[in-house]
Each structure stands twice: as C-alpha cells, then as structure tokens.
Amino acid sequence: MTRVKEVAAVAKTTRTPEGWLPAGEVRLVFHAATRMHVPADRRAAFDQAIDSMGAGGPLYHLWLEPAFAPHHGERAEEGLLAWHGPGTTRPVNLVRIDGHLRWMAPLDGRP
C-alpha cells in the first residue's frame, strides 16, 4: 500500500473522543506548505486522499499553498488562504496571509 493510500485509509477511520465520526458529519481538512512538497507525479493521489474524506459527509478543504502546487489544477492567488466546499474544487479566497502565518489581512484592504 502506498503511503498516500495508508493516510487515506486512516483518515476514513479516524476516531473522535465520542467514537467514530458519524455519517453525514462535516469534515474539515487544512494544510499549509504541504502539497508543495508532494512530488508532482503523486499530487493527484494526494488530492484523492483529501477528497476521499468527503465520502461520509460534507467536506470543507482549506489550504495555504504556493501557486505552483494547485489543488486539482485550480490556482488560488499567491499569499491567500483559500478553501472549497462540498461539490466543487473551485477555490474561494478567504484572507491574505503571511506564508508563515504571522499575520492575516482582509481581502478588501481593511486593517
């Protein structure tokens, strides 16, 4: 079994303090500066491992990655925390953010 498949298998069977996560419960996956380190030929498997989390309930996926490592080929603007919800892979930009998470700023330019 490849490491990505192992991670996906564990992710599907993660226990919560209350027991197994019930079907239909919301899932949230967040990663920062992670996908960029996955070899290009394994990124599709990385994406599939994340997407598989949505098999049992609605999946919300947030990420902070450079533009050269787009999720499903959908590029988020550099320096933005982006996300997508159930049923789409199109990124929605949330906030401007430092790559080391030292600061965040609203998209509309307000402090």
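Strands β6 and β7 form a hairpin in which six residues lie between the two strands, and within the turn Leu101 has a positive phi of about 60°. In this predicted model, the two strands pair in the antiparallel sense over two bridges, and Ile97 stands opposite Met104 in β7. A salt bridge also belongs in this part of the description, since the side chains of Arg102 and Asp98 meet with an N to O distance of 3.0 Å. The two partners differ in their exposure, because Arg102 has a relative accessible area of 63% and counts as exposed, whereas Asp98, at 11%, counts as buried.

The hairpin is one end of a wider arrangement: five strands form an open sheet in the order β3-β4-β5-β6-β7, with mixed pairing. The edges of this sheet are β3 and β7 (104-105), and each of them has a single partner strand, so one side of each is left without a neighbour in the sheet.

Moving from β7 back into the sheet, one comes to strand β6 (residues 92-97), which is joined to β5 by four bridges, the two strands running antiparallel. One of the residue pairs here places Leu80 with Arg96 in β6 as its bridge partner. Strand β5 (residues 80-84) also contains Trp83, which is partly exposed because its relative accessible area is 24%, a value between the 20% limit for buried residues and the 50% limit for exposed ones. The C-alpha atom of Trp83 is separated by 6.6 Å from that of Asn93, although the two residues are 10 apart along the chain. When neighbours within four places in sequence are left aside, Trp83 is in contact with Tyr60, His61, Leu62 and Trp63, and also with Arg90, Pro91, Val92 and Leu94.

At the other end of the sheet order, β3 and β4 pair in the parallel sense over six bridges. Within this pairing, Val29 has His61 in β4 as its bridge partner, and His31 stands opposite Trp63 in β4. Strand β4 is mostly covered, with five of its six residues buried. Tyr60 is found in this strand, which spans residues 59-64, and Tyr60 is partly exposed because its relative accessible area is 31%. That value is relevant to the surface as well, because a residue needs over 30% relative accessible area to be counted in a patch. Tyr60 joins Val26 and Leu28 in a nonpolar patch on the surface, and together these three residues have about 290 Å² of accessible area.

Helix α2 can be described through its buried residues, which are Arg43, Phe46, Asp47, Ala49 and Ile50. They cover an arc of only 155° around the axis, which puts them on the same side of α2. A general property of helices helps in reading this pattern: an α-helix has 3.6 residues a turn, so residues three or four places apart point the same way.

One of these buried helix residues, Asp47, forms a salt bridge with Arg35, and the closest N and O atoms of the pair are 2.8 Å apart. This pair links distant parts of the chain, since Asp47 lies in helix α2 (residues 43-51) while Arg35 lies in the loop between β3 (27-32) and α2, the two residues being 12 apart. Both Asp47 and Arg35 are buried. The structure holds two salt bridges, and the pair formed by Arg102 and Asp98 has already been met at the start of this account.

With these parts in place, the chain can be considered as a whole. Its secondary structure comes to two helices and seven strands, which follow the pattern α-β-β-β-α-β-β-β-β when read along the sequence. Of the 111 residues in the protein chain, 32% count as buried, and the accessible surface comes to about 7200 Å², of which 59% belongs to carbon and sulfur atoms. As for how the chain meets itself, among contacts between residues at least 6 apart in sequence, 47% join residues that are at least 24 apart.

Notes
Residues are numbered from 1 along each chain as its sequence is written. This is a predicted model: local features need pLDDT of at least 70, side-chain atom pairs count only at pLDDT 80 or more; totals for chains, interfaces and linings use all residues. Side-chain values use heavy atoms; hydrogens and water are left out. A salt bridge is a side-chain nitrogen of Lys or Arg within 4 Å of a carboxyl oxygen of Asp or Glu. Buried means under 20% relative accessible area, exposed over 50%, partly exposed in between (1.4 Å probe, protein chains only). Patches are made of residues with over 30% relative accessible area and no salt bridge: like charges are joined within 9 Å, nonpolar side chains (Val, Leu, Ile, Met, Phe, Trp, Tyr) within 5 Å. Accessible areas come from the Shrake-Rupley method with a 1.4 Å probe; for residues, only the protein chains shown count as cover. Two strands pair if DSSP finds at least two bridges between them. Contact means heavy atoms within 4.5 Å. The arc is that of the directions from the helix axis to the C-beta atoms.
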